[in-house]
There are 2 protein chains.
Amino acid sequence: MEIKCTYIYICIVKLEQAIQSTKFKSEVQKAGLNILYTAWWLKTVMSRELKEFGLTHEQYNVLRILKGKHPELMCVKDIACRMIEKSSNVPRIIDRLEIKKLVKRATSEADKRETVISLTQSGIAVLEASTKQLNAVYDDIMPISEEEASSINDLLEKVREKEN
Amino acid sequence: MEIKCTYIYICIVKLEQAIQSTKFKSEVQKAGLNILYTAWWLKTVMSRELKEFGLTHEQYNVLRILKGKHPELMCVKDIACRMIEKSSNVPRIIDRLEIKKLVKRATSEADKRETVISLTQSGIAVLEASTKQLNAVYDDIMPISEEEASSINDLLEKVREKEN
DNA sequence: AACTAATACATGTATATACACGTATTGTAA
DNA sequence: TTACAATACGTGTATATACATGTATTAGTT
C-alpha cells in the first residue's frame with residue numbers, strides 16, 4: 001500500500017523498513033515499537049475510508065458507541081469511558097458531530113449536569129454506510145485467521161497485565 | 001495502574017473492561033481494537049515518564065533518531081522517514097526542540113534546500129537520562145518473555161502483510 | 001437548612017496529527 | 001541555457017490529544 005504523507009511515500013511491511021532501524025535493544029522493545037507502528041498504520045487505513053463519509057476516526061468511534069445503546073440516550077462520561085483513546089475530549093468531538101447534524105444534544109431531566117446525546121436518522125445512516133465500508137476494508141487488510149487474532153489478543157492482554 | 005484522564009479514572013486490563021464492550025464481530029476485529037488500545041496505553045505510560053524531562057513522545061522520538069546517526073547531521077526528511085507515526089510534522093517538532101536548545105538547525109552546504117539538524121550537548125544529556133528512565137519503565141510494564149515478544153512481532157507483521 | 005465536596009461537562013492552551021500549499025533550490029529536458 | 005518538474009521544508013488550517021480550569025448541579029455532612 002502506498003500511504004501519502006507530507007514528506008514521504010511509504011510502501012513497507014517489516015518494522016525494520018518502516019522505521020529504518022535494525023538494532024533493537026530486545027524483542028520486547030521491538031514489540032513495543034511494532035505495536036505503536038501497527039496502530040498508526042491501522043488508524044491511517046481506517047481514516048482514509050472514513051474520509052469519504054466526512055468522519056474522523058474518533059468521530060466514528062463516538063457514533064459507534066452511541067449505536068451500541070441506541071435508542072437509549074448516553075451522557076458524555078458514558079461515551080468517554082468506552083473510547084479507545086481515553087484522553088479524547090468527547091464534548092468537542094460531539095461539537096463536530098452536532099454541526100453535521102449526526103447527533104443531538106439535550107440536558108438530562110434526571111440530572112441537569114448531564115448532557116445526553118442521541119443519534120439522528122442521518123447519523124444512523126452515515127454510521128451504517130461507513131461501518132459497511134470499514135468492515136470490508138478490515139477483512140481485506142488484516143489477512144489473519146481467527147486463531148492468530150486470538151493469539152494477538154492474549155499476548156496484548158499479557159503486555160498490559162501490569163497496568164498498575 | 002491508575003491513569004488520570006479528563007473525565008475518568010481507569011484501572012483496567014481486559015479490553016472488554018477497557019472499552020466497556022463485550023460483543024466483537026470477530027477475534028480479528030477485537031485484535032484491531034486491542035492493537036489500538038494497547039498503543040494508546042503504551043504511549044500514555046511513556047509520556048508520563050517523559051514529562052519529567054519536559055519532552056513529548058514525538059520530541060523524544062526525534063532525539064532518539066538523531067542519536068542513531070550522531071555525530072552525523074540529519075536532514076528533516078531522513079528524520080521523517082524514521083518516525084513511527086509517519087504523518088508527524090517534523091519541522092514543527094524540531095521548532096520545540098530548538099527552543100529548548102536540545103537541537104541545532106543549519107542549512108546544508110551540499111543542498112541549500114535541506115535543513116540539517118544536530119544534537120546539542122544538552123540534547124544528548126536529556127536523551128540519555130530519559131532513555132535510562134524509559135528503559136527501566138519499559139522492562140517493568142511489559143512483563144512478557146523474549147519469545148512472547150517475538151510472537152507479537154511475527155503476528156503484527158502478518159497483520160500488516162497486505163500493506164498494498 | 002446551610003455549607004462543602006464531588007460530579008458533569010464546557011472551555012482554554014500547548015502540542016500533535018493530517019493535509020494543503022507556498023517558496024527556495026536542484027535536477028532535467030528542450 | 002532557459003524552462004519546467006521535482007524536491008525540501010516551512011507555514012497555514014482543522015481536528016485531536018493531554019491537561020488544567022471554570023461553572024452549574026447534585027450529594028453528603030454538620
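User: How many helices and strands are there in chain A?
Analyst: In this predicted model, chain A contains seven helices and five strands.

User: What pattern does chain A follow along the sequence?
Analyst: Read in sequence order, the pattern of chain A is β-β-α-α-α-β-α-α-β-β-α-α.

User: And what box do the C-alpha atoms of chain A fill?
Analyst: Along the principal axes, the C-alpha atoms of chain A occupy a box of roughly 60 × 40 × 35 Å. Chain A has 164 residues, of which 36% count as buried. Among contacts in chain A with a separation of 6 or more, 46% are between residues 24 or more positions apart.

User: Turning to the two chains, how many residues does each give to the contact?
Analyst: Chain A contributes 66 residues to the contact and chain B contributes 65 residues. On the side of chain B that touches chain A, H2, H4, helix H6 (121–141) and helix H7 (146–159) each provide at least two residues.

User: Which of those gives the most?
Analyst: H2(B) gives the most, with 17 residues on the side of chain B that touches chain A.

User: What is the make-up of that side by class?
Analyst: The side of chain B that touches chain A comprises 34 nonpolar, 15 polar and 16 charged residues.

User: How can chain B be laid on chain A?
Analyst: A turn of 180° with a shift of 0.0 Å along the axis places chain B on chain A with an RMSD of 0.0 Å. The two copies are therefore related as by a two-fold rotation axis.

User: Why do the copies meet through the same surface?
Analyst: They do so because 100% of the interface residues of chain B are also interface residues in chain A.

User: On to the DNA: which residues come nearest to strand C?
Analyst: Of the 29 residues around DNA strand C, the nearest are Cys75(A), Lys77(A), Pro91(A), Thr56(B) and Ser87(B).

User: Which elements supply that surface?
Analyst: At least two residues each come from helix H2 (27–51), helix H4 (76–80) and H5 of chain A, and from helix H3 (57–69) and H5 of chain B. By class, the surface near DNA strand C has six nonpolar, 11 polar and 12 charged residues.

User: And which residues are closest to strand D?
Analyst: DNA strand D is surrounded by 29 residues, the closest being Thr56(A), Ser87(A), Cys75(B), Pro91(B) and Thr115(B). Two or more residues of the surface near DNA strand D come from each of helix H3 (57–69) and helix H5 (90–99) of chain A, and helix H2 (27–51), helix H4 (76–80) and helix H5 (90–99) of chain B.

User: How do the residues near strand D divide?
Analyst: The surface near DNA strand D divides into six nonpolar, 11 polar and 12 charged residues.

Technical notes. Residues numbered from 1 in each chain as written. Chains lettered and ligands numbered in written order. Predicted model: local features only at pLDDT ≥ 70, side-chain atom pairs only at ≥ 80, totals over all residues. Near = placed C-beta within 6 Å. Helix = DSSP H or I, 4+ residues; strand = E, 2+ residues; numbered from the N terminus. Nonpolar A, V, L, I, M, F, W, Y, C, P; charged D, E, K, R; others polar. Contact = placed C-beta atoms within 7 Å. Least-squares fit on C-alpha atoms with pLDDT ≥ 70 in both. Buried ≥ 20, exposed ≤ 12 C-beta atoms within 10 Å, placed from the backbone.
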